[in-house]
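Biologist: I would like a close look at a single helix, with the surroundings described as well as the helix itself. Please take it slowly and say what each term stands for as you go.

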Amino acid sequence: MQEVTLEVVQSRMNSIEFMRRTGVVAEEVSYGFGRARMPLKGNENHVGGMYIGALSVLAEAGAAICGSTMTDFDRFFPVVRNMNLSFLKPAYSDVTAEYRLSDLEQKELLGALEETGRAEYTASLDLLDEGGVVVATAESTITILTRRD
(Lines give C-alpha, C1' and ligand atoms only; values in the text may rest on other atoms or scores of the structure.)
Protein backbone atom coordinates (compact mmCIF):
# COMPACT_ATOMS: atom_id res chain seq x y z
CA MET A 1 0.00 0.00 0.00
CA GLN A 2 1.25 3.47 -0.88
CA GLU A 3 2.10 5.63 2.15
CA VAL A 4 -0.65 8.12 2.91
CA THR A 5 0.70 11.66 2.67
CA LEU A 6 -0.87 15.03 1.96
CA GLU A 7 0.67 14.89 -1.50
CA VAL A 8 -0.87 11.49 -2.29
CA VAL A 9 -4.32 12.52 -1.05
CA GLN A 10 -4.16 15.85 -2.89
CA SER A 11 -3.12 14.08 -6.08
CA ARG A 12 -6.14 11.78 -5.76
CA MET A 13 -8.43 14.77 -5.22
CA ASN A 14 -6.89 16.67 -8.15
CA SER A 15 -7.49 13.69 -10.43
CA ILE A 16 -11.16 14.76 -10.31
CA GLU A 17 -11.25 17.86 -12.50
CA PHE A 18 -14.26 19.40 -10.77
CA MET A 19 -12.62 19.15 -7.34
CA ARG A 20 -9.39 20.60 -8.70
CA ARG A 21 -11.22 23.61 -10.10
CA THR A 22 -12.74 24.44 -6.70
CA GLY A 23 -9.31 24.67 -5.09
CA VAL A 24 -10.22 22.28 -2.25
CA VAL A 25 -7.07 21.08 -0.48
CA ALA A 26 -6.23 18.28 1.89
CA GLU A 27 -4.92 20.08 4.93
CA GLU A 28 -4.10 17.18 7.27
CA VAL A 29 -4.27 13.40 6.88
CA SER A 30 -3.36 10.38 8.95
CA TYR A 31 -4.62 6.82 9.16
CA GLY A 32 -8.43 7.07 9.42
CA PHE A 33 -8.45 10.88 9.53
CA GLY A 34 -8.71 13.72 7.06
CA ARG A 35 -9.23 17.46 7.09
CA ALA A 36 -9.91 19.51 3.98
CA ARG A 37 -10.13 23.26 3.33
CA MET A 38 -12.19 25.06 0.72
CA PRO A 39 -10.99 28.53 -0.21
CA LEU A 40 -13.55 31.32 -0.40
CA LYS A 41 -11.63 32.94 -3.27
CA GLY A 42 -13.06 31.66 -6.53
CA ASN A 43 -16.05 30.05 -4.79
CA GLU A 44 -18.09 33.16 -3.96
CA ASN A 45 -21.81 33.36 -4.61
CA HIS A 46 -23.81 36.42 -5.65
CA VAL A 47 -23.65 37.95 -2.12
CA GLY A 48 -19.95 37.27 -1.46
CA GLY A 49 -20.38 34.15 0.68
CA MET A 50 -19.27 30.66 -0.22
CA TYR A 51 -21.31 29.02 -2.96
CA ILE A 52 -23.35 26.01 -1.77
CA GLY A 53 -21.77 23.77 -4.41
CA ALA A 54 -18.31 24.46 -2.96
CA LEU A 55 -19.54 23.56 0.52
CA SER A 56 -20.95 20.31 -0.89
CA VAL A 57 -17.59 19.42 -2.44
CA LEU A 58 -15.88 20.18 0.88
CA ALA A 59 -18.33 17.97 2.79
CA GLU A 60 -17.63 15.14 0.34
CA ALA A 61 -13.87 15.54 0.70
CA GLY A 62 -13.99 15.79 4.48
CA ALA A 63 -16.04 12.61 4.72
CA ALA A 64 -14.22 10.53 2.09
CA ILE A 65 -10.56 11.31 2.82
CA CYS A 66 -10.44 9.35 6.08
CA GLY A 67 -11.59 6.10 4.47
CA SER A 68 -9.17 6.43 1.60
CA THR A 69 -6.24 6.89 4.03
CA MET A 70 -6.74 3.30 5.21
CA THR A 71 -6.93 1.52 1.88
CA ASP A 72 -4.80 0.85 -1.16
CA PHE A 73 -6.09 3.34 -3.73
CA ASP A 74 -4.94 1.05 -6.54
CA ARG A 75 -7.42 -1.57 -5.21
CA PHE A 76 -10.20 0.47 -3.59
CA PHE A 77 -11.95 3.81 -4.07
CA PRO A 78 -14.53 5.79 -2.07
CA VAL A 79 -17.83 7.08 -3.43
CA VAL A 80 -20.55 9.11 -1.74
CA ARG A 81 -23.76 7.07 -1.66
CA ASN A 82 -25.82 9.82 -0.10
CA MET A 83 -25.35 13.17 1.63
CA ASN A 84 -27.54 15.40 3.73
CA LEU A 85 -26.34 18.99 4.14
CA SER A 86 -27.78 21.64 6.40
CA PHE A 87 -26.65 25.17 5.68
CA LEU A 88 -26.75 27.20 8.90
CA LYS A 89 -24.97 30.50 8.19
CA PRO A 90 -23.26 32.18 5.26
CA ALA A 91 -19.51 31.55 5.12
CA TYR A 92 -17.43 34.63 4.33
CA SER A 93 -14.04 32.94 4.77
CA ASP A 94 -12.31 29.68 3.92
CA VAL A 95 -14.13 26.68 5.40
CA THR A 96 -12.76 23.41 6.80
CA ALA A 97 -14.26 19.97 7.34
CA GLU A 98 -12.74 16.96 9.04
CA TYR A 99 -13.69 13.47 10.07
CA ARG A 100 -12.02 10.66 12.01
CA LEU A 101 -13.07 7.03 11.91
CA SER A 102 -13.07 5.41 15.36
CA ASP A 103 -10.86 2.39 15.99
CA LEU A 104 -13.95 0.16 15.88
CA GLU A 105 -15.12 1.71 12.58
CA GLN A 106 -11.64 1.19 11.11
CA LYS A 107 -11.61 -2.47 12.14
CA GLU A 108 -15.11 -3.11 10.78
CA LEU A 109 -14.38 -1.27 7.54
CA LEU A 110 -11.19 -3.23 6.83
CA GLY A 111 -12.89 -6.52 7.76
CA ALA A 112 -15.78 -5.87 5.38
CA LEU A 113 -13.39 -4.91 2.57
CA GLU A 114 -11.45 -8.15 2.95
CA GLU A 115 -14.60 -10.25 3.26
CA THR A 116 -16.87 -8.70 0.62
CA GLY A 117 -14.77 -6.22 -1.35
CA ARG A 118 -16.89 -3.28 -0.20
CA ALA A 119 -17.47 -1.36 3.00
CA GLU A 120 -19.56 1.55 4.15
CA TYR A 121 -19.48 4.15 6.89
CA THR A 122 -21.48 7.21 7.84
CA ALA A 123 -19.63 10.44 8.51
CA SER A 124 -21.24 13.31 10.42
CA LEU A 125 -19.19 16.47 10.27
CA ASP A 126 -19.27 20.20 10.87
CA LEU A 127 -18.11 22.71 8.28
CA LEU A 128 -16.32 25.53 10.09
CA ASP A 129 -15.40 29.02 8.99
CA GLU A 130 -12.05 30.54 9.97
CA GLY A 131 -13.55 31.80 13.24
CA GLY A 132 -14.63 28.26 14.22
CA VAL A 133 -18.31 28.98 13.57
CA VAL A 134 -20.31 26.02 12.23
CA VAL A 135 -21.69 27.24 8.89
CA ALA A 136 -23.06 23.87 7.79
CA THR A 137 -23.40 20.27 8.93
CA ALA A 138 -23.23 17.19 6.76
CA GLU A 139 -23.99 13.52 7.12
CA SER A 140 -22.64 11.35 4.33
CA THR A 141 -22.68 7.64 3.64
CA ILE A 142 -19.38 6.67 2.05
CA THR A 143 -19.04 3.35 0.25
CA ILE A 144 -15.58 1.98 -0.47
CA LEU A 145 -15.57 -0.28 -3.50
CA THR A 146 -13.05 -2.60 -5.13
CA ARG A 147 -11.68 -1.56 -8.51
CA ARG A 148 -12.67 -4.02 -11.22
CA ASP A 149 -10.09 -3.06 -13.87
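What should the 17 residues of H3 span at 1.5 Å a residue, and how far apart are its end C-alpha atoms?

Modeller: This is a predicted model, in which local features need pLDDT of at least 70 and side-chain atom pairs count only at pLDDT 80 or more, while totals for chains, interfaces and linings use all residues. Residues are numbered from 1 along each chain as its sequence is written, and side-chain values use heavy atoms, with hydrogens and water left out.

The 17 residues of H3 should span 24 Å, and its end C-alpha atoms are 24 Å apart, so expectation and model agree; the expected span is 1.5 Å times one less than the number of residues. Helix H3 covers residues 52-68, where a helix is a DSSP run of H or I with at least four residues, a strand is a run of E with at least two, and both are numbered from the N terminus.

As for its setting, H3 is largely enclosed by the rest of the structure, because 13 of its 17 residues are buried (under 20% relative accessible area, with a 1.4 Å probe and protein chains only). Helix H3 also gives the most to the largest nonpolar core, namely 10 residues. That core has 40 residues in total, and Val24, Tyr121 and Leu127 have the most contacts inside it; a nonpolar core joins buried Ala, Val, Leu, Ile, Met, Phe, Trp, Tyr and Cys residues through side-chain atoms within 4.5 Å.

Tyr121 shows how the helix meets its surroundings. Leaving aside neighbours within four places in sequence, Tyr121 is in contact (heavy atoms within 4.5 Å) with Ala63, Ala64, Cys66 and Gly67, among others, and these four positions fall within residues 52-68 of H3. Tyr121 also contacts Tyr99, Leu101, Leu109 and Ile144, among others.

Helix H3 borders an opening too. The largest pocket has a volume of about 280 Å³, and H3 supplies the largest share of its lining, five residues. Helix H1 (6-14) and strand S3 (76-87) are the other elements that give two or more residues to this lining. Of the 17 lining residues, the closest to the centre of the pocket are Ile16, Met19, Ala64, Phe73 and Pro78, so Ala64 of H3 both lines this pocket and touches Tyr121. By class, the lining holds 12 nonpolar, two polar and three charged residues.

How values were computed
Buried means under 20% relative accessible area, exposed over 50%, partly exposed in between (1.4 Å probe, protein chains only). On a 1 Å grid over the protein atoms alone, a cavity is a set of points where a 1.4 Å probe fits but cannot get out, and a pocket is an open set with protein on both sides within 12 Å along at least five of seven lines; lining residues have an atom within 4 Å of a point. Grid points are joined across faces, edges and corners, and a volume is the space filled by probe spheres set on the points. Ala, Val, Leu, Ile, Met, Phe, Trp, Tyr, Cys and Pro count as nonpolar, Asp, Glu, Lys and Arg as charged, and the others, Gly among them, as polar.
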